[in-house]
Amino acid sequence: MIKFSAPGKIHLLGEHAVVYGKPALLAAIDLRATVTIESQTGHLSGKEYLRKIIEPIVKKSLSIKKIPPYKLTIASQIPTGSGLGSSAAISTAYIAALLSFLKVEWDLSLINDLTYKAEEVFHGNPSGGDNSTIVFGGLIWFRKESPELKIIHPIDFSIPPQLSKNFILINTGTPKESTKEMVEKVKKLNDRNPKVVNRFLEDQEVLVRELLSVIKDGNENRLIQIIKAGEENLESIGVVSPYVTSVIRKIEKAGGAAKICGAGGKTKATGILLAYHPKKATLEKVAELNNLPCFNTSLGVEGIRIEK
Ligand code: MEV
C-alpha cells in the first residue's frame, strides 16, 4: 500500500495578478488530501474522472503505454472549490503515489511539473502557484516569468507567532463560478478595459512585496492595512461578490481585515476568506453573526509527504 498526503494552500496575496506574471505570496495550510494506491487485479473501483486526467499525464511523461491495475482511495480535509487548492492537492498526492507504485524515481520538481499539467486540465490557464506551494510546502514566493520559467522561492522564515495566531479562515461557501471562469472573467475585463487591470496589477505587486517584509518584522498595523488594500484591489476587478464584500466590510469595521484567497466568485459565495484581527475572537463573532463557519489554521506547513 502506498500513501501520500499533500496540504491545501492559501494566497496571502497575489491571486489573479499571478496569472499575469506578478509575484504572489502563498502558504501551505494544515488541511491535507491523502491518496492511497494498492495493487489490485480484476474490477477497478471508481474515481474514473480523476484517473482519466492523471494517468495520461503520467504515461506521457514516462513514455509508457500501460499502468497495472490498482485501487485508488482519496480522503481529503480540504473543502472543494473554495480557493484552498483542493484539486491540486489531490493531483499532487495521486501523482506521487502513482510514480511510487510504478517504482519510478521522482523528485519534487517532477511531481510539480506533472501536477501543473493536471491543473491545466482543471483550470485552463493556471499560474502554477497553487501546485508549487502544495508540493514544496512552507511559505512560497511565486512568480511566473514565462510558461517555461517559474520562480518558486521558499521563504526561509515563518510568520511570527504573535501574527500567525490571529489568522482564521472563514468559509463563505462554494462559489457558483469555477476558478477557470473567474480567471476568464478577469481576462475579458483586461481585453475590454486594460487600464483597470493594469492598475490592479501594479498596486498588487507593490503590496505583495511589502507584505513579505511586514510578515518578517511582525508589523501588525501595516499587515491589516495591506490585507485591506489587497482586498480592495481584488474587488476592483470584480472577483468578490457584493455579499462577501459586505461581510468583509463588517470585519474591517470591527478593526480587522479579510480577503478572498483564491479565484473568488461574483454571485454570492467566494470560498474561503483569510481574516486577521488583533483579537481573533472578534472574527469568530462576525463569522457567527453571519452564519459562516470558521476555523484556525497553521500557515506554512510541510508540503507533500509519504504517510505510513
Ligand atoms: C487560484 O487559486 C489562484 C488564481 O490566481 C489562479 C492561478 O493562480 O492559477 C486565481
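1. A residue is called exposed when its relative accessible area is over 50%, and buried when that area is under 20%, with partly exposed lying in between. By this cut-off Lys176 is exposed, because its relative accessible area is 71%. The model under discussion is a predicted one, and the points below should be read with that in mind.

2. On overall form, the chain holds 10 helices and 10 strands. Its radius of gyration is 19 Å, close to the 19 Å that the globule rule gives for 308 residues, so the chain is as compact as a globular protein of that length. Taken along the principal axes, the C-alpha atoms fill a box of roughly 60 × 40 × 35 Å, and 55% of the 308 residues count as buried.

3. Lys176, introduced above, sits in the loop that runs between strand E6 (167-171) and helix H6 (179-192). Together with Lys188, Arg192 and Lys266, Lys176 forms a positive surface patch.

4. Turning to charge pairing, side chains of opposite charge can pair when their charged atoms come close. The count of salt bridges comes to 14, and the next two points take up examples from helix H1 and from a pair that links distant parts of the chain.

5. In helix H1 (residues 48-62), Arg51 and Glu48 lie three residues apart, about one turn of the helix, and their side chains meet in a salt bridge with an N to O distance of 4.0 Å. Arg51 also meets the side chain of Glu55 in a salt bridge, again given as 4.0 Å from N to O; because Arg51 and Glu55 are four residues apart in helix H1, about one helical turn separates them. As for their surroundings, Arg51 counts as buried at 4% relative accessibility, Glu55 counts as buried at 15%, and Glu48 counts as partly exposed at 38%. The arginine is therefore buried, its value of 4% lying under the 20% cut-off.

6. The side chains of Arg143 and Glu205 meet in a salt bridge at 3.1 Å, N to O. This pair links distant parts of the chain, with Arg143 in strand E4 (residues 139-146) and Glu205 in helix H7 (residues 194-217), 62 residues apart. Both Arg143 and Glu205 are buried. Salt bridges that share partners join Lys22, Arg143, Glu145, Glu205 and Arg209 into one network, and a reader inspecting the Arg143 and Glu205 pair may wish to view it within that network.

7. A last matter concerns backbone angles, where most residues other than glycine have a negative phi. Lys103 has a phi near 55°, a positive value in a residue other than glycine, and its place is in the loop between helix H2 (86-101) and helix H3 (108-123). At 75% relative accessibility, Lys103 counts as exposed. Asn291, which is not a glycine either, has a positive phi of about 55°, and this asparagine is found in the loop between helix H10 (280-289) and strand E9 (294-296). Asn291 counts as exposed because its relative accessibility is 70%, a value to be set against the cut-off of over 50%.

How values were computed:
Residues are numbered from 1 along each chain as its sequence is written. This is a predicted model: local features need pLDDT of at least 70, side-chain atom pairs count only at pLDDT 80 or more; totals for chains, interfaces and linings use all residues. Side-chain values use heavy atoms; hydrogens and water are left out. Patches are made of residues with over 30% relative accessible area and no salt bridge: like charges are joined within 9 Å, nonpolar side chains (Val, Leu, Ile, Met, Phe, Trp, Tyr) within 5 Å. Accessible areas come from the Shrake-Rupley method with a 1.4 Å probe; for residues, only the protein chains shown count as cover. Lys and Arg count as positive and Asp and Glu as negative; His and the chain ends are not counted. The place of a charge is taken as NZ of Lys, CZ of Arg, CG of Asp or CD of Glu. Buried means under 20% relative accessible area, exposed over 50%, partly exposed in between (1.4 Å probe, protein chains only). The radius of gyration is taken over C-alpha atoms; the globule rule is 2.2 Å times the number of residues to the power 0.38.
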